[in-house]
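Student: Please take me through the charged pairs of this protein. I want each label set against its cut-off.

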Amino acid sequence: MKKITLIVLLIITTATSAQEKMVSYMGITNFEASIPLFEEVKAVNDKTTCILITKTGEIACWVNIKDFKFKRDLMREHFNKNYMESNRFPRAVFKGKIDKFDLKSLTSESNPCQISGKITLRGRTKKIVINGTLKKVTTGIELYCAFPLNTDDFNIEIPFIVRSKISKNVNTQLICVLQ
């Protein structure tokens, strides 16, 4: 009898926790650091993980640096080895909170939101505020946000020889559907 009660309690606890968290394992993170008239510097990572706690609006997202895909393999190699040192710093992590988050008020229209938190990249953490949108979709909640990151804030050195070809301001986007 005790075993059956314990199993039922575990199932109820798991079902309750599942409703409080929404997750995406296939979010998309894009970045672009291109300078006009030079070769395009941009990449996509389609393995971004995000977790949203629906009761509090707390959100955490992370990407494995090595999962960024570039148009050219040489760019990917330089990005991982020289700029991001992905063997030393394998992940970028954001932890924050969606201000005034209310799951019940979301509709199929894009609702503007502001997310305050900290991003950790290359072992450095910086407070940021991100503007984005949330909307209900058939499979869950779609989160979209775009924000700039500055290479100086994360001690990313751009070699002198290519400094005029790569922007220090990196335009970043995150798109995911939390389920």
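What follows is a short exchange on salt bridges and burial.

Tutor: This is a predicted model, where local features need pLDDT of at least 70, side-chain atom pairs count only at pLDDT 80 or more, and totals for chains, interfaces and linings use all residues. Residues are numbered from 1 along each chain as its sequence is written, and side-chain values use heavy atoms, with hydrogens and water left out.

Student: Why is the contact of Arg72 and Glu39 called a salt bridge?

Tutor: A salt bridge needs a side-chain nitrogen of Lys or Arg within 4 Å of a carboxyl oxygen of Asp or Glu. Arg72 and Glu39 have an N to O distance of 3.2 Å, so the pair fits the definition. Arg72 lies in the loop between β4 (69-70) and α2 (73-83), and Glu39 in the loop between β1 (21-34) and β2 (42-53), so the bridge ties together parts 33 residues apart in sequence. Helices (H or I, at least four residues) and strands (E, at least two) are DSSP runs, numbered from the N terminus.

Student: What makes Lys42 and Glu40 a salt bridge?

Tutor: Their N to O distance is 3.8 Å. Glu40 and Lys42 also belong to a network of salt bridges with Lys71.

Student: Arg122 and Glu85 meet in a salt bridge; how do you know whether Arg122 is buried or exposed?

Tutor: Buried means under 20% relative accessible area, exposed over 50%, partly exposed in between (1.4 Å probe, protein chains only). Arg122 has 12%, so Arg122 is buried. Glu85 has 24%, so Glu85 is partly exposed. The N to O distance of this pair is 2.0 Å.
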